[in-house]
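Visitor: I should be grateful for a close look at a single part of this model, with enough of its surroundings to place it. Please choose one residue and describe it in the context of the chain.

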Amino acid sequence: MKRRLARELAVQSMYHMEMNEVDAAAAVDMLLQEAAEDNEAEVVIKNAAVLRAYVLEHVRGTWEHKEAIDGLLADYLKGWQISRLSRVDRQILRLAVYEMIFREDVPAKVAVNEAIELSKHFGTEESGKFVNGVLGRVIQELEQLKARF
């Protein structure tokens with residue numbers, strides 16, 4: 001299973017959840033079904049069950065800690081409010097912070113790099129720099145942040 005694909009699906013699922021007020025399983029299943037049927041990117045999904053479980057775990061974990069993550073992000077958004085971010089950047093930042101603080105299996109630098117790549121792929125021209133700046137400040141205080149949660 002490719003974790004990059006899983007992260008893409010997680011971000012898309014959370015975007016779908018926020019836009020359409022559906023639960024995590026429905027959002028993930030819809031995206032996996034769409035990927036299987038349309039597959040415009042010609043992505044090969046070898047083990048859909050493993051991919052689904054991994055994506056769902058990340059989406060549910062991020063959503064479960066959404067209030068705490070948003071509160072933390074508010075401290076690191078210089079001159080911005082979480083509600084004013086683009087929906088895409090918001091989901092990418094949430095996923096990255098979830099992986100950095102609440103997951104032991106993802107090194108923080110990997111979470112940051114993946115978030116930057118996702119923001120370049122899904123966001124605007126400035127998204128990569130913005131995400132890098134916010135997560136760069138988070139990673140500087142990561143151990144203290146982990147201790148809070």
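Guide: Two residues are said to be in contact when they have heavy atoms within 4.5 Å of each other. The model under discussion is predicted. On that definition of contact, 73% of the contacts in the chain between residues at least 6 apart in sequence join residues at least 24 apart.

The part chosen is leucine 73, and the chain around it may be described beforehand. The secondary structure comprises eight helices and zero strands, so that, in keeping with how such elements are assigned from DSSP runs, the order from the N terminus on reads α-α-α-α-α-α-α-α. For 149 residues, a compact globule would be expected to have a radius of gyration near 15 Å, and the value for the chain, 15 Å, agrees. Along the principal axes, the C-alpha atoms fill a box of roughly 40 × 30 × 25 Å. Of the 149 residues, 43% are buried. The accessible surface of the chain is about 8400 Å², and carbon and sulfur atoms account for 47% of it.

Leucine 73 belongs to helix α4, which spans residues 66-76. Its relative accessible area is 0%, and leucine 73 is therefore buried, the cut-off being under 20%. When residues up to four places away in sequence are not counted, leucine 73 touches Ile82, Leu93, Arg94, Val97 and Val134. A further distance helps to place the residue: valine 131 lies 58 residues from leucine 73 along the chain, and the C-alpha atoms of the two are separated by 11 Å.

Two other residues may be set beside leucine 73. Phenylalanine 149 lies in the segment after α8 (142-148). With a relative accessible area of 40%, phenylalanine 149 is partly exposed. Its contacts, leaving aside neighbours within four places in sequence, are Ala68, Leu72, Ile101 and Phe102. Valine 134, one of the residues that leucine 73 touches, is 15 residues from phenylalanine 149 in sequence and 19 Å from it in space, C-alpha to C-alpha.

Glutamate 114 is found in helix α6, residues 108-122. This glutamate counts as buried because its relative accessibility is 12%, and buried means under 20%. Beyond its neighbours within four places in sequence, glutamate 114 is in contact with Arg4 and Arg7. As for charge over the whole chain, the mean positions of the 20 positive and 25 negative charges are 5 Å apart.

Terms used: Residues numbered from 1 in each chain as written. Predicted model: local features only at pLDDT ≥ 70, side-chain atom pairs only at ≥ 80, totals over all residues. Heavy atoms only, no water. Helix = DSSP H or I, 4+ residues; strand = E, 2+ residues; numbered from the N terminus. Buried < 20%, exposed > 50% of the residue type's maximum accessible area, 1.4 Å probe, protein only. Rg over C-alpha atoms; globule rule 2.2 N^0.38 Å. Areas by Shrake-Rupley, 256 points an atom, 1.4 Å probe, with all protein chains shown as cover. Lys, Arg positive; Asp, Glu negative; His and termini not counted. Charge placed at Lys NZ, Arg CZ, Asp CG, Glu CD.
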